[in-house]
Amino acid sequence: MSLDNASTPAHEGPTAVVVLAAGSGTRMKSRRMKVLHELCGRSMVGHVLHAALAVAPRHVVAVVGHGREQVGRHVLEQVPDALLAVQEQQDGTGDAVRVALDALREAGATSGTVVVMSGDTPLMQGETLRGLVRDHEAAGRAVTLLTGLVPDPFGYGRVLRDADGSVTAIVEEKDATPEQAAVREINSGIYAFDGAFLAGAVGRIGNDNAKGEYYLTDVVAIARADGATVGAHVVDDVAQTEGANDRAQLAGLAAQLNRRTLERWMRDGVTVVDPASTWVDVTVTLAPDVTLLPGVQLHGATTVEEDAVVGPDTTLRDVRVGRGASVVRAHGERAVVGEEATVGPFSYLRPGAELAAGAKVGAFVEVKNSTLGPGAKVPHLSYVGDASIGEGTNIGAGTIFANYDGVAKHRTTVGSHARTGSNNTFVAPVTIGDGAVTGGGSVIREDVPPGALAVSAGPQRTMEGWVFRRRAGTAAAEAASRAAGQEGSITSPG
Ligand code: UD1
Ligand code: CA
């Protein structure tokens, strides 16, 4: 992309891909601009830009208008050298393309193939766009439309053809006669144009139609009137051409895209037990022989290595799961689960949780910004925050790493092969040495040297007969009384 200077070798791709994203998308009924709504790990326009880059265009132009700061910033995050063209008023797709061509002219790009697509057709694949460009350039047309035959064409522009099948015009839903509305071949809103033809034609589009807008689609009739060649590139996989104008359509497209993503992984050797309840972002990477059990959601940069089992009912975002690991009914974010490590059920890995090979985070455990060494275990009901736990160490049930004094976070270090008792509190900053042991119920505020036993709970005091004196007449006193009668040895009410 953007290989503008003269010394660059001949460029293969089209001159530009123009992405229209100036509309607010009123049908979404949202404060967020339509093209920024997400599905399967990317915004709608993010998917479109991704497909656009696959045809290796010299320029990517995004037309922004409504919410231009939001949308423009987002586009530049994905394609840093994209050109942003501002459409001040949303007067229609034809006007939007005029604005894009102005930006291209300023960048010195006036000829060659210009692809135009909408920011709201997120299933479109780069491969399909490459097919459109190849077909368009091989046929040497002025305009090539990407079209498809759909069962329900409602809302789309219909492709009109003459008796010998040549494309004559596109008519919008609102302007269509009943016969035209019955046509099932729809305009995907994706086109390849000859740039010079397009530059001449956009200025001639009128706005005498039901919406009073400048329709890009009118360029087809203009080309015909000029005797320029127009053709359609019909795709079989019509789902790729579908747009989302409201949230119901967005959910429909998300389900389709997810289904496609899962099918691709299944063909690559991943077991997906229940595709209907499994959601995998397009940005996730899975290895062969991974198993995803029902109710799994994998997001962002999550990667899962071979033989790992995830689920059931697990959500991971930006988590690395190592070979042979198991993650059951867990929630994780920006964490690492090492080879053969196990997590869950019902545990929470927060950012910076890193489990080395064979480590275990058991049931009802929360881990944040902490490392567990190889084979280290935190099996039950614990909070581990800002800690390093050494190799082979076992943390007792119900342990709290008290990392926060109300002002600052502090670290706790537990050495290797240590055994800490149940219901301990480690008051950070504190260090427990290699091979050290702590007693049950201890509150550890001072460092424990390697090999030491630390016990902080005081000696137990037992007050015999207390219940008979202070809880007389209760069920507890009666139970104690019965026990005294049977055993004859327990201090009795007397
Ligand atoms: C458009 C096509 C229709 C096609 C459909 C495919 C026109 C007139 N109609 O209709 O034939 O079947 O797409 O999905 O082109 N936009 C701007 N500036 C504007 C208006 C729109 O940038 O002034 C952008 C929108 O943000 C959107 C895209 O252009 O990303 C398409 O606009 P939209 O209103 O969704 O067009 P449709 O009614 O779907
Ligand atoms: Ca649309």
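**Figure 1. Strand β29 and its partner β27, with E366 standing opposite Y383 in β29.** In this predicted model, β27 (residues 360-368) and β29 (residues 377-385) run parallel and are joined by 7 bridges. Strands here are DSSP runs of E with at least two residues, helices are runs of H or I with at least four residues, and both are numbered from the N terminus; two strands are said to pair if DSSP finds at least two bridges between them. E366 of β27 also has Y348 opposite it, and β25 is joined to β27 by 2 bridges, the two strands running parallel. β24 likewise pairs with β27 in the parallel sense, over 2 bridges, and here the partner of T342 is K360 in β27. In a regular strand, side chains alternate between the two faces of the sheet.

The model is a predicted one, in which local features need pLDDT of at least 70 and side-chain atom pairs count only at pLDDT 80 or more, while totals for chains, interfaces and linings use all residues, and side-chain values use heavy atoms, with hydrogens and water left out. Residues are numbered from 1 along each chain as its sequence is written, and chains are lettered from A and ligands numbered from 1 in the order in which they are written.

**Figure 2. The open sheet of 9 strands.** Its strands pair in parallel and follow the order β14-β17-β20-β23-β26-β28-β30-β32-β34. β14 (285-286) and β34 (430-432) are the edge strands, each of them pairing on one side only. Within this order, β20 (residues 320-321) and β23 (residues 336-337) run parallel and are joined by 2 bridges, and V321 has V337 of β23 as its bridge partner.

**Figure 3. Loops with cis peptide bonds or a positive phi.** The peptide bond from G344 to P345 is cis, with omega near 5°, and P345 belongs to the loop between β24 (342-343) and β25 (347-349). A cis peptide bond also joins A428 and P429, with omega about 0°; P429 is found in the loop between β33 (425-427) and β34. E340, a residue other than glycine, has a positive phi near 60°, and E340 is found in the loop between β23 and β24.

**Figure 4. Polar contacts of ligand 1.** A polar contact is a pair of N or O atoms within 3.5 Å. A backbone N or O atom of G23 lies 2.9 Å from an oxygen atom of the ligand, and a backbone N or O atom of N187 lies 2.6 Å from an oxygen atom of ligand 1. From E172 a polar side-chain atom lies 2.7 Å from a ligand oxygen atom. Of the 760 Å² of accessible area that ligand 1 has on its own, the protein covers 92%, areas being computed by the Shrake-Rupley method with a 1.4 Å probe.

**Figure 5. The shell of residues around ligand 1.** The ligand is surrounded by 24 residues, each with a heavy atom within 4 Å of it, and the closest are L20, Q87, T93, E172 and N187. Elements giving two or more residues to this shell are β1 (16-21), α3 (93-106) and β10 (185-194), and the largest share, 3 residues, comes from β10. The shell divides into 6 nonpolar, 13 polar and 5 charged residues, where Ala, Val, Leu, Ile, Met, Phe, Trp, Tyr, Cys and Pro count as nonpolar, Asp, Glu, Lys and Arg as charged, and the others, Gly among them, as polar.

Notes. A polar contact is a pair of N or O atoms within 3.5 Å; within protein, one must be able to donate a hydrogen and the other to accept it, and residues adjacent in sequence count only if both atoms are side-chain atoms.
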